[in-house]
Amino acid sequence: MPVKIRLQRHGKKGKPFYWIVAADARSKRDGRYLEKLGTYNPNVNPASINLNIDDAVKWLQNGAQPTDTARAILSYKGALLKNHLAGGVKKGALTEEQAEEKFQAWISEKEGAVTAKKDALAKAEATAKAKALAAEKEVNAKREAEAEAAETEAKAEEAGAEAEITEEVVEATETPEAEAATEEVATEEAEAATEEAEAATEEVTEEASNEQE
């Protein structure tokens, strides 16, 4: 019975989640499988992969053929390397201890690379958040400055309107009618003063004539 190691789709629409399975090559992609070997979640960065490496190697040694995507996953997790080292042990090129030592060294190096990638992604995310926060602060500051400018302009317009009203009131008090009324009052006062002066003069003249007689 030909066996394939392939992905079986699960998860929601738009967010696929895969099982890594060993299945009869004649069965449907999402049909019955012989053994579940792990999971693959591409919805996170970096992608999350859980794989039972020993079981995967067992199926590879029994002739199971991985699909292209499954082969990439098996290579990424070291299953292909471990299968290759197991072949070397069978041929006598390596001891089991040497093979395990080589595999563990590869695992450590791989974990270091994955950790470095995660750190770089976290740093990039933090930088992006800091830039977004700075841009938001800049926008808020600009809005506050525009609001203050608008308020200052409104106060200036209000002060200008009050000045115009005051000027109109002053102009109203300085109209020709008001000036004529003022001149009329002054003329009447001058005439009254003249009449009083003339009356006083006549009185003095009359008294002087009486004294001469």
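Me: What makes Ile-49, Tyr-76, Lys-77, Glu-111 and Val-114 stand out in the lining of the largest pocket?

Reply: They lie nearest its centre, among 14 lining residues. Keep in mind that this is a predicted model.

Me: Which elements give two or more residues to that lining?

Reply: They are β4 (48-51), α2 (68-77) and α4 (96-173). The top contributor is α4, with 7 residues.

Me: Why is β4 called a strand?

Reply: A strand is a DSSP run of E with at least two residues. β4 covers 48-51. It therefore meets that length.

Me: How do you know which residues count as lining a pocket?

Reply: A lining residue has an atom within 4 Å of a pocket point. Glu-111 is listed in the lining of the largest pocket, so it has such an atom.

Me: What volume does the largest pocket have, and what is its lining made of?

Reply: The space is about 300 Å³. By class, the lining has 8 nonpolar, 2 polar and 4 charged residues.

Me: What is the volume of the second largest pocket?

Reply: It is about 150 Å³. Its lining includes Gln-61, Leu-85 and Phe-103. Both α3 (79-91) and α4 supply at least two lining residues. Here α3 gives the most, with 5.

Me: Why is Lys-82 counted as charged, and Phe-103 as nonpolar?

Reply: Both line the second largest pocket. Lys is on the charged list and Phe is on the nonpolar list, so each takes its class from there. The full lining has 5 nonpolar, 1 polar and 4 charged residues.

Technical notes
Residues are numbered from 1 along each chain as its sequence is written. This is a predicted model: local features need pLDDT of at least 70, side-chain atom pairs count only at pLDDT 80 or more; totals for chains, interfaces and linings use all residues. Side-chain values use heavy atoms; hydrogens and water are left out. On a 1 Å grid over the protein atoms alone, a cavity is a set of points where a 1.4 Å probe fits but cannot get out, and a pocket is an open set with protein on both sides within 12 Å along at least five of seven lines; lining residues have an atom within 4 Å of a point. Grid points are joined across faces, edges and corners, and a volume is the space filled by probe spheres set on the points. Helices (H or I, at least four residues) and strands (E, at least two) are DSSP runs, numbered from the N terminus.
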